[in-house]
Each structure stands twice: as structure tokens, then as C-alpha cells.
Amino acid sequence: MKLVKDVDYKVSYKNHKKIGTATITVTGIGNFTGTMKIHYDIVPDNYTNPRVVKVTSSSATLSWDPVYGAQGYRILRYDSKEKDYVRVGATTDTSYTVKDLPSGTKQTFVVVAYKKTSGKYYFGYNSRNAFR
């Protein structure tokens with residue numbers, strides 16, 4: 001048996017266009033009863049166009065294009081000892097200077113866009129667009 005929208009069930013959406021938590025509600029009609037709600041997070045997009053705009057012996061200035069709807073950005077550096085990215089800073093701008101880097105080493109950074117809505121932080125995903 002194939003169910004038909006608006007005959008056997010109806011679907012409604014809440015907060016499904018902006019960063020935050022969205023809800024889909026499916027409600028049975030006629031012979032079908034009950035309601036099911038599905039919640040999911042809408043997160044910021046990944047940043048694009050990563051650029052290293054300045055390098056000194058102990059710092060690197062990173063820049064990227066703005067992410068629509070983001071309130072800020074976390075900057076993460078790959079830590080080979082931890083084998084994971086660790087937070088080195090945050091900004092509301094689209095550039096950031098990472099300081100106190102060990103001289104003569106190769107570093108990898110990523111940026112994670114975020115927005116705080118209703119007391120909750122929504123983070124984008126670590127992009128494959130890494131600064132190297």
C-alpha cells in the first residue's frame with residue numbers, strides 16, 4: 001500500500017530555513033492516525049576560498065570568504081601529538097592571525113563557522129578546505 005500525501009498524511013515544517021533546530025511533523029489523515037515529529041539541526045556551511053595572506057617566522061594570517069548566517073568562526077590547528085584538530089582561536093571577522101607558531105614547521109588549519117541561536121551553538125563541519 002502506498003500512502004499519498006494530503007490524502008493519507010500531511011507534512012508541516014517549522015524553522016526549516018535558518019541555522020538552528022528544525023522540525024518536520026507528519027500527521028495521519030483519515031484511516032491513518034498519529035503524529036511523528038522529527039528534529040534536525042541546520043548548521044552553517046563550510047567556508048570557502050581559504051588563503052594564507054601573511055607568514056612570519058612565528059605566525060600565519062589566514063583569510064576566507066564569509067559564510068552566510070554565521071556569527072563567528074573557530075580556528076583549529078592540527079596537533080600531530082593529539083592526532084586531532086585543537087582550537088587556537090575564534091573571531092567574528094573573516095581573517096585571523098595565529099601566533100606563537102614553532103619556527104620552520106608545517107601547520108594545517110581549518111575554520112569552523114558557528115551561530116548561537118536560542119542559547120545553543122550550531123557549528124558547521126570541518127571543511128576539507130584546509131590551510132597548509
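Buried means under 20% relative accessible area, exposed means over 50%, and partly exposed lies in between. Keep this scale at hand for the exercises below, which use a predicted model.

**Exercise 1. Place Asp 65 on the accessibility scale, then find its charged partner.**

Step 1. Asp 65 has a relative accessibility of 27%. That value falls between 20% and 50%. Asp 65 therefore counts as partly exposed.

Step 2. Side chains of opposite charge can pair when their charged atoms come close.

Step 3. Asp 65 forms a salt bridge with Arg 51, and the closest N and O atoms are 3.4 Å apart. The cut-off is 4 Å.

Step 4. Arg 51 lies in strand E4, while Asp 65 sits in the loop between strand E5 (60-63) and E6. The two are 14 residues apart, and the pair links distant parts of the chain.

Step 5. Arg 51, at 29% relative accessibility, is also partly exposed.

**Exercise 2. How many salt bridges are there in total, and which residues meet Asp 41 in one?**

Step 1. The count comes to two salt bridges.

Step 2. Asp 41 meets Lys 120, at 3.4 Å from N to O.

Step 3. Asp 41 belongs to strand E3 (residues 35-42) and Lys 120 to strand E10. They are 79 residues apart, so look for distant parts of the chain linked here.

Step 4. Check the accessibility of each partner. Asp 41 has a relative accessible area of 41% and is partly exposed. Lys 120, at 38%, is partly exposed as well.

**Exercise 3. Work out the strand order of the four-stranded open sheet and say which strands stand at its edges.**

Step 1. The order is E7-E6-E9-E10, and the pairing is antiparallel.

Step 2. Strand E7 (84-91) and strand E10 (120-123) each have a single partner strand. One side of each is therefore left without a neighbour in the sheet, and these two stand at the edges.

Step 3. Neighbouring strands of this sheet are turned by 35° against each other on average, direction ignored.

Step 4. Now look at the pairing of E6 with E9. Six bridges join strand E6 (residues 72-79) to strand E9 (residues 109-117). In one of them, Gly 72 has Tyr 114 of E9 as its bridge partner.

**Exercise 4. Which elements build the largest nonpolar core?**

Step 1. In soluble globular proteins, nonpolar side chains tend to be buried together.

Step 2. The largest core here has 15 residues. Leu 62, Trp 64 and Ile 75 have the most contacts inside it.

Step 3. E5, E6 and E9 are the elements that give two or more residues to this core. E9 gives the most, with five residues.

**Exercise 5. Classify the ring pair of Tyr 78 and Tyr 85 as stacked, tilted or edge-to-face.**

Step 1. A pair of aromatic rings is described by the distance of the centres and the angle of the planes.

Step 2. The structure holds five aromatic pairs. In the pair of Tyr 78 and Tyr 85, the centres are 5.3 Å apart and the planes stand at 70°.

Step 3. An angle over 60 degrees counts as edge-to-face, so the Tyr 78 and Tyr 85 pair is edge-to-face.

Step 4. Tyr 78 is partly exposed at 34%, and Tyr 85 is partly exposed at 26%.

Step 5. Elsewhere, ring pairs link Tyr 114, Tyr 121 and Phe 123 into a cluster.

**Exercise 6. What is the confidence of the model?**

Step 1. The mean pLDDT of the chain is 90, and 95% of its residues reach 70 or more.

Step 2. Strand E8 (residues 95-98) has the highest confidence, at 96. Confidence is lowest in strand E4 (residues 51-55), at a mean of 90.

How values were computed:
Residues are numbered from 1 along each chain as its sequence is written. This is a predicted model: local features need pLDDT of at least 70, side-chain atom pairs count only at pLDDT 80 or more; totals for chains, interfaces and linings use all residues. Side-chain values use heavy atoms; hydrogens and water are left out. Two strands pair if DSSP finds at least two bridges between them. Axes are lines fitted to C-alpha atoms, for helices over the stretch in contact, and angles run from 0 to 180 degrees between N-to-C directions. pLDDT is the predictor's confidence in each residue, from 0 to 100. A salt bridge is a side-chain nitrogen of Lys or Arg within 4 Å of a carboxyl oxygen of Asp or Glu. Buried means under 20% relative accessible area, exposed over 50%, partly exposed in between (1.4 Å probe, protein chains only). A nonpolar core is a set of buried Ala, Val, Leu, Ile, Met, Phe, Trp, Tyr and Cys residues joined through side-chain atoms within 4.5 Å. Rings of Phe, Tyr and Trp (its six-membered ring) pair if their centres lie within 6.5 Å; planes under 30 degrees apart count as stacked, over 60 as edge-to-face and the rest as tilted.
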